[in-house]
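Got your viewer open? Get ready to pick out residues by chain and number, and let's take a walk.

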Protein chains: 4
Amino acid sequence: MLKNGMNFLMIPGPTTLPAEVLRAMHRPAIDIYDGPIVQTSASCHDDLKQIFRTRSGHVYIYVSNGHGAWDAAIGNTLSRGDKVVVLDAGHFAREWGLAATGMGIEVEVLPGSWRAATDPQALRARLSADRDSTIKAILVAQVDTASGVVNDIPAIRRVLDETGHEALLMVDVVASLACIPFEMEDWRVDVAVGAAQKGLMTPAGLGFVAAGPKAHAAAKRANLKTRYTSWEGRRGEADYLKYGGTPPEQLLFALRAALDMILEEGLEQVWRRHAILGQALRAALSAWATAGDVELNILEPSQRSDAVTVFLVRDGRARQLRELIAQSCGVNVGLTIGDIAGNGLRIGHMGHVNAPMILGTLACLQAGFTALGMRFGPGGLDAAAQVIGDAIKR
Amino acid sequence: MLKNGMNFLMIPGPTTLPAEVLRAMHRPAIDIYDGPIVQTSASCHDDLKQIFRTRSGHVYIYVSNGHGAWDAAIGNTLSRGDKVVVLDAGHFAREWGLAATGMGIEVEVLPGSWRAATDPQALRARLSADRDSTIKAILVAQVDTASGVVNDIPAIRRVLDETGHEALLMVDVVASLACIPFEMEDWRVDVAVGAAQKGLMTPAGLGFVAAGPKAHAAAKRANLKTRYTSWEGRRGEADYLKYGGTPPEQLLFALRAALDMILEEGLEQVWRRHAILGQALRAALSAWATAGDVELNILEPSQRSDAVTVFLVRDGRARQLRELIAQSCGVNVGLTIGDIAGNGLRIGHMGHVNAPMILGTLACLQAGFTALGMRFGPGGLDAAAQVIGDAIKR
Amino acid sequence: MLKNGMNFLMIPGPTTLPAEVLRAMHRPAIDIYDGPIVQTSASCHDDLKQIFRTRSGHVYIYVSNGHGAWDAAIGNTLSRGDKVVVLDAGHFAREWGLAATGMGIEVEVLPGSWRAATDPQALRARLSADRDSTIKAILVAQVDTASGVVNDIPAIRRVLDETGHEALLMVDVVASLACIPFEMEDWRVDVAVGAAQKGLMTPAGLGFVAAGPKAHAAAKRANLKTRYTSWEGRRGEADYLKYGGTPPEQLLFALRAALDMILEEGLEQVWRRHAILGQALRAALSAWATAGDVELNILEPSQRSDAVTVFLVRDGRARQLRELIAQSCGVNVGLTIGDIAGNGLRIGHMGHVNAPMILGTLACLQAGFTALGMRFGPGGLDAAAQVIGDAIKR
Amino acid sequence: MLKNGMNFLMIPGPTTLPAEVLRAMHRPAIDIYDGPIVQTSASCHDDLKQIFRTRSGHVYIYVSNGHGAWDAAIGNTLSRGDKVVVLDAGHFAREWGLAATGMGIEVEVLPGSWRAATDPQALRARLSADRDSTIKAILVAQVDTASGVVNDIPAIRRVLDETGHEALLMVDVVASLACIPFEMEDWRVDVAVGAAQKGLMTPAGLGFVAAGPKAHAAAKRANLKTRYTSWEGRRGEADYLKYGGTPPEQLLFALRAALDMILEEGLEQVWRRHAILGQALRAALSAWATAGDVELNILEPSQRSDAVTVFLVRDGRARQLRELIAQSCGVNVGLTIGDIAGNGLRIGHMGHVNAPMILGTLACLQAGFTALGMRFGPGGLDAAAQVIGDAIKR
């Protein structure tokens with residue numbers, strides 16, 4: 001029993017939609033050839049460049065979820081039979097690899113672990129061995145929502161630079177964009193793939209592909225794009241061409257409102273907010289783990305992301321705990337999937353999150369431990385509140 | 001800094017609007033003579049009787065806030081020069097008394113304290129002394145949001161019964177309706193005054209006056225009602241007469257959605273939820289108070305309400321604390337008003353509230369204490385989480 | 001059958017809500033003591049002065065419908081036993097008179113007709129006869145939605161001036177405000193009463209009372225006001241005092257959006273739009289009336305309002321016609337009420353109306369005539385389209 | 001000047017969104033693994049079968065516009081190098097052909113005209129000549145919004161049957177679905193492609209591909225599908241697999257509301273409504289054309305669709321007329337595109353349309369003729385009103 005009250009959607013996406021975003025979507029359909037939708041579309045395209053931190057690149061908006069954007073990224077840059085290396089550190093890089101395989105790409109997986117980030121040295125070894133430059137692209141997820149890991153993209157960039165390898169660096173930022181620092185221009189990422197429904201606080205239905213100069217050069221040779229997905233077609237004069245047809249008006253109005261919020265807060269402040277909230281979360285979990293039935297999934301603290309936190313729960317009680325706090329407290333966290341399916345829980349802390357949402361979630365988890373008779377180390381809630389207290393000191 | 005995320009509106013009204021309620025309001029205007037608005041209006045009138053727990057009474061809906069409903073309650077039952085006794089135990093009973101005075105009623109205040117409920121024995125003494133039955137009505141607030149007190153309405157009823165006094169029992173339930181038990185029929189309350197924007201989770205703009213048989217009998221003699229406020233006119237056949245003119249369509253659609261939520265949850269379960277959440281709040285505050293700069297305003301635990309909690313903050317830091325957690329955490333609590341203005345904070349926990357909202361609010365308060373260097377006794381958050389944990393055990 | 005499509009709400013209120021207004025209302029509840037609601041409230045109060053065209057006056061916002069605002073207007077300016085004269089020319093002036101009677105005012109009705117405006121000369125005779133200035137106020141509706149009449153307020157003002165009578169001039173502009181010219185300052189109207197749900201395109205639930213200097217002077221002596229309705233209390237510093245309690249936040253957000261629309265279009269352009277649309281409507285009705293079963297209710301063309309048009313239907317087919325076009329076409333017009341109840345139809349053309357709404361409504365009426373075998377003179381639709389065509393010529 | 005009032009979006013898509021649909025979209029994001037989104041998704045998939053009138057087929061929902069659904073239809077049924085024949089009768093069949101070409105399909109265009117439907121006999125000749133069955137599919141648009149034509153799908157089916165040709169029959173019903181009769185099962189259509197933003201009254205962002213048994217058989221051999229677009233993957237157990245990733249929650253809530261409206265009205269009644277409204281439109285245009293500056297684009301009356309009407313305007317005044325009624329009347333019609341670009345206007349009458357919307361649009365067109373000094377034959381508006389009058393006779 002209990003419940004009622006605002007739902008706390010603390011899953012790794014879709015994430016909580018701000019009231020402003022929902023309200024912005026509540027607009028009549030309008031003509032697609034001129035007027036407000038054309039202006040909205042143009043300013044969204046422009047402002048997304050700030051979000052991806054690219055100056056020389058261009059951001060394409062697809063009516064799709066993130067998986068659709070994966071296809072578009074591959075289709076515009078690669079050709080049938082090309083080889084790519086996927087950096088395995090969870091579920092989603094693998095999945096992207098499977099998408100590539102399905103399009104006729106030869107995919108090699110650099111083996112990794114679900115409890116650690118990709119090791120740049122392993123990649124260095126592989127690239128050094130690729131004397132004939134048969135590897136056309138590296139596919140990596142910055143944050144993997146299945147494991148909670150954050151991969152070190154600058155380090156991967158350095159490996160490419162130091163080995164002098166020319167492969168495209170393609171990064172899935174679906175779960176990291178507008179959550180943690182991502183610098184497309186400075187890190188010379190060639191392609192970045194994002195989506196609306198996580199850090200961007202917008203209803204699912206929009207996928208983003210940011211492409212830099214090297215990716216655009218590759219696009220000229222790529223033979224897997226279609227007229228609908230093709231970047232060239234999407235840079236036409238008329239606005240609807242950017243969507244290969246009718247623009248998704250209401251979703252764009254929503255995106256506009258979300259971008260306004262992010263830019264008003266300031267992207268770097270958005271990152272800082274996520275960093276502090278992630279730290280508070282891990283402070284509680286670390287305290288509980290000292291003598292308890294829970295354990296953070298990612299072993300090395302510096303590899304734990306500030307967007308998704310995954311922890312393992314002993315004795316198969318993850319599902320029970322998840323259902324209890326969903327039904328009694330209105331707090332939704334996700335169950336682990338893939339290699340660690342059912343063994344733990346995933347907390348999304350992306351986008352429209354703040355201190356009471358994080359602290360309220362943590363306290364309900366502790367209430368759940370109590371209700372289920374689970375053991376937990378002391379001081380978790382106080383530690384989390386302390387992180388927030390320190391952060392808001394003036 | 002920090003902030004973003006869902007706003008926690010923990011003031012003593014208006015309270016958080018459920019998404020369902022906001023959505024319900026988003027409907028075109030329609031004809032007022034037949035169709036959906038007439039059905040909605042009729043079912044709201046019916047279902048409000050369940051909320052007030054009256055069978056023999058009738059609930060009138062006014063387009064007004066609670067203060068407007070005060071006027072309507074007085075105007076329909078009393079006449080110029082009548083004497084009433086106001087039971088002082090905070091701000092709002094006094095205010096209701098001033099409203100009565102402004103309408104030409106003679107108002108006597110039974111003195112009370114801002115830190116305690118009305119003492120039924122004091123009322124007994126006063127009524128016993130009223131040999132000529134000059135007192136026509138007793139005005140009392142069940143919960144006073146300024147002090148956080150809950151008055152014992154059944155005990156007051158017993159005093160009236162035991163002294164054989166015929167005064168009308170008129171209760172302000174603005175801050176208690178659909179939060180804590182109120183039994184209009186069983187407690188033989190003659191008039192109860194409520195409003196939309198607290199436990200009823202509906203946008204401000206609707207006031208409710210529930211009237212029982214004795215109040216309806218009194219209405220025949222009362223000479224302060226207007227054609228607009230008159231109960232008689234509002235019981236006409238046509239629906240718009242119930243509002244003395246155009247019905248407030250969008251507010252009624254919202255009210256309908258809120259009533260659906262309450263009735264689906266079950267009113268008694270709604271009360272239980274408030275009771276547990278109130279207990280959790282006080283568990284933390286009591287722990288903090290053991291060695292700290294805060295103190296619960298109401299001295300006697302049994303007189304602390306499950307709808308609003310007021311605590312005093314030493315050294316004039318209430319305002320600073322309030323602003324810090326509003327601006328940094330997005331948690332809005334109220335400053336104390338009236339006799340204790342500025343000395344403390346008021347937390348509203350009415351209507352659309354749940355465990356993570358309460359626990360998140362508490363944790364942000366503790367973060368605020370930390371940030372401001374305030375002292376607080378240990379174990380507050382754990383105690384609150386323990387209350388929730390015990391409640392959700394199956 | 002047929003139907004589906006946008007509903008055409010062509011009744012004399014509530015009127016069509018613009019999408020912008022509905023959307024604006026879709027906002028969470030917020031703190032009432034500072035921030036956006038205080039700013040919104042202040043700017044609404046200011047901008048309403050532009051709508052009422054008063055510089056020296058003040059506009060009070062009541063949480064009520066128009067009938068509640070009637071009470072507030074009387075209560076703040078008059079005292080028990082005062083005499084007023086009501087200018088009868090339809091339903092609503094009479095009703096306002098009944099409201100006054102119910103508050104203890106002595107009401108005299110200057111007899112009129114439902115088919116004509118008040119005759120200023122009849123008022124002149126009455127005022128001239130009032131040697132002792134026993135008449136404290138004149139109550140008149142600028143537009144009466146029951147008859148469709150527009151009264152000549154400047155002419156009534158002149159009668160007061162020329163007879164040197166000091167009675168307050170109190171005008172109901174519920175159905176004319178933001179529809180047709182109303183000049184509170186220039187016409188020296190002392191009190192004007194409006195409401196949200198007609199020309200102001202805002203959900204029902206807000207009533208407005210604009211008061212000029214003479215009304216404020218009268219308010220000092222008036223003894224029918226309550227603490228809740230009192231202008232003096234409503235001019236307090238804190239914003240919530242303007243509402244005598246909790247402000248109706250969502251309705252104010254809606255009002256703000258509606259005022260923005262009106263001010264952006266320009267109030268005088270709003271008046272022009274209503275004038276042209278009214279002319280188009282009457283062009284069709286006049287053509288149909290030449291050989292048909294319909295007839296305009298107001299006999300003298302110059303007394304037909306540009307906000308509501310009432311026409312009589314022979315052989316008792318009004319109700320049948322109304323239901324047919326409501327159910328088949330989604331066009332809602334109102335049935336006549338009061339003295340001409342059931343004999344005709346009332347078309348509201350107030351607020352959010354434009355050419356295709358008027359022309360579509362007219363064409364559906366003609367389709368209804370056809371379906372019911374009613375007679376109608378030729379050329380009605382062409383005449384209406386011609387009015388619009390002439391108006392949009394550049 | 002003029003304007004204000006409800007916008008009349010009479011373009012060939014996106015079309016007017018019902019208030020119910022906009023409201024339905026206004027819901028918080030929720031968990032994608034269970035609960036309301038899974039139920040909504042399942043029932044939408046089911047009910048779309050009723051809309052496509054297929055029993056043995058399955059409908060796939062893509063997060064895309066109609067052009068994205070074209071790709072998915074081709075990708076799942078054809079392979080690189082396959083030959084298809086496109087039946088040219090306007091813009092959109094050609095465009096679909098270009099999409100196929102871009103995917104590596106060999107496309108042959110059966111020449112047609114922009115002023116007539118495809119001639120089944122021309123197709124018969126072509127298929128008879130295809131002795132080796134090299135043609136794998138026929139691509140045709142049922143309604144082409146560029147020309148206003150409706151193609152005779154049953155006749156095309158008969159040609160395939162009578163020539164014994166095994167090519168897949170693939171029909172674009174983007175502009176006809178839920179507007180005019182389409183019988184996927186009875187007409188043995190193998191693949192039908194639709195979209196949300198026209199007859200389905202849902203915000204743009206959803207594309208539909210309905211596939212019958214023969215298409216599913218073909219899918220086993222097709223080599224152009226990706227993991228994201230593949231039907232096989234989209235028939236997985238978990239709901240999110242149906243979208244190849246995160247489902248577009250808010251769009252699905254909107255679709256659910258639209259389907260409820262259609263099924264409540266009854267699909268066949270929806271078709272009848274479109275038929276009557278189309279007839280009314282053409283009655284006016286035909287009258288105007290008798291002596292005027294306008295002319296219906298499609299020459300043969302039986303080939304004019306009940307979803308989109310295209311008419312040509314003499315002397316290059318189409319654009320001027322379009323802008324005048326958009327800016328003065330709030331009526332948006334579309335300019336012609338493609339081969340007849342700029343020579344005429346396109347009126348969309350799909351989805352959420354009713355009698356006053358059509359009649360109001362026509363009357364504003366006539367007002368526009370007047371304002372611009374254009375000639376038009378008499379009796380157009382009366383003729384249109386007569387069609388409606390006859391239809392609503394009881």
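What follows is a stop-by-stop tour with something to select at each stop. Keep in mind that this is a predicted model.

**Stop 1: a strand on the inside of chain A**

Select residues 135-141 of chain A, which make up strand β5. Of its 7 residues, 7 are buried, so the rest of the structure largely encloses this strand. Now bring in its partners. Strand β3 of chain A, residues 83-87, runs parallel to β5(A) and is joined to it by 4 bridges. To see where the two line up, click on Lys83(A), which sits opposite Ile135(A). Then add strand β8 of chain A, residues 168-172, which pairs with β5(A) over 5 bridges, again in the parallel sense. Here the pair to click on is Leu139(A) and Met170(A), which stand opposite each other. If you are showing side chains, one general point helps: in a regular strand they alternate between the two faces of the sheet.

**Stop 2: an open sheet in chain A**

Stay in chain A and look for four strands in the order β11-β12-β15-β14. They form an open sheet, and the pairing is antiparallel. Which strands stand at the edges? Select 294-296 for β11(A) and 334-335 for β14(A): each has a single partner strand, so one side of each has no neighbour in the sheet. The partner of β14(A) to look at is β15(A), residues 344-348, and 2 bridges hold that antiparallel pair together. Gly334(A) stands opposite Arg346(A) there. Next, switch on helix α10 of chain A, residues 318-329. This helix packs on the sheet, touching β12 (308-313), β14 and β15 of chain A, and its direction makes about 40 degrees with that of β15(A).

**Stop 3: Leu2 in chains A and C**

Go to Leu2(A), in the segment before β1 (8-9) of chain A. Its phi is near 70 degrees, a positive value in a residue that isn't glycine. That deserves a click, because most residues other than glycine have a negative phi. Is Leu2(A) buried or exposed? It has 20 C-beta neighbours inside 10 Å, so Leu2(A) counts as buried.

Now jump to Leu2(C), found in the segment before β1 of chain C. Phi is near 70 degrees for Leu2(C), a positive value. Leu2(C) is buried too, with 20 other C-beta atoms within 10 Å.

**Stop 4: cis peptide bonds in chains C and D**

Select Gly13(C) and Pro14(C), and check the bond between them: this peptide bond is cis, with omega about -5 degrees. Pro14(C) is in the loop between β1 (8-9) and α1 (19-25) of chain C. Then try chain D, where a cis peptide bond joins Gly13(D) and Pro14(D), with omega about -5 degrees. You'll find Pro14(D) in the loop between β1 (8-9) and α1 (19-25) of chain D.

**Stop 5: two helices crossing in chain C**

Select 267-289 and 380-392 of chain C, which are helices α10 and α13. Their axes come within 7 Å and cross at roughly 155 degrees. The two helices are therefore roughly antiparallel to each other. The crossing is right-handed. Residues making the contact include Ile276(C), Leu281(C) and Trp288(C) from α10(C), along with Leu381(C), Val387(C) and Ile388(C) from α13(C). Colour the contact residues by class and you get 13 nonpolar, 2 polar and no charged.

**Stop 6: a helix tucked into chain D**

Over in chain D, select 92-102 for helix α4. Of its 11 residues, 8 are buried, so the helix is largely enclosed by the rest of the structure. Among them are Phe92(D), Arg94(D), Glu95(D) and Trp96(D). What do the buried residues of α4(D) pack against? Show α3 (66-77), β3 (83-87), β4 (106-110), β5 (135-141), β6 (143-144) and β8 (168-172) of chain D to see. Just after the helix, Gly104(D) takes a positive phi of about 95 degrees.

**Stop 7: where chain D touches its neighbours**

Zoom out for the last stop. How many residues of chain D are in contact with chain C? There are 43, and they meet 44 residues of chain C. Helix α11(D) supplies the largest share of chain D's side, 12 residues. By class, that side has 22 nonpolar, 15 polar and 6 charged residues. Turn to chain B, and 5 residues of chain D are in contact with 5 residues of chain B. Chain D's side there has 2 nonpolar, 1 polar and 2 charged residues.

Conventions
Residues numbered from 1 in each chain as written. Chains lettered and ligands numbered in written order. Predicted model: local features only at pLDDT ≥ 70, side-chain atom pairs only at ≥ 80, totals over all residues. Contact = placed C-beta atoms within 7 Å. Nonpolar A, V, L, I, M, F, W, Y, C, P; charged D, E, K, R; others polar. Buried ≥ 20, exposed ≤ 12 C-beta atoms within 10 Å, placed from the backbone. Pairing = 2+ DSSP bridges. Axes fitted to C-alpha atoms, helices over the stretch in contact; angles between N-to-C directions. Parallel < 35°, antiparallel > 145°, perpendicular 65-115°, else oblique. Left-handed = near helix turned anticlockwise from the far one by under 90°.
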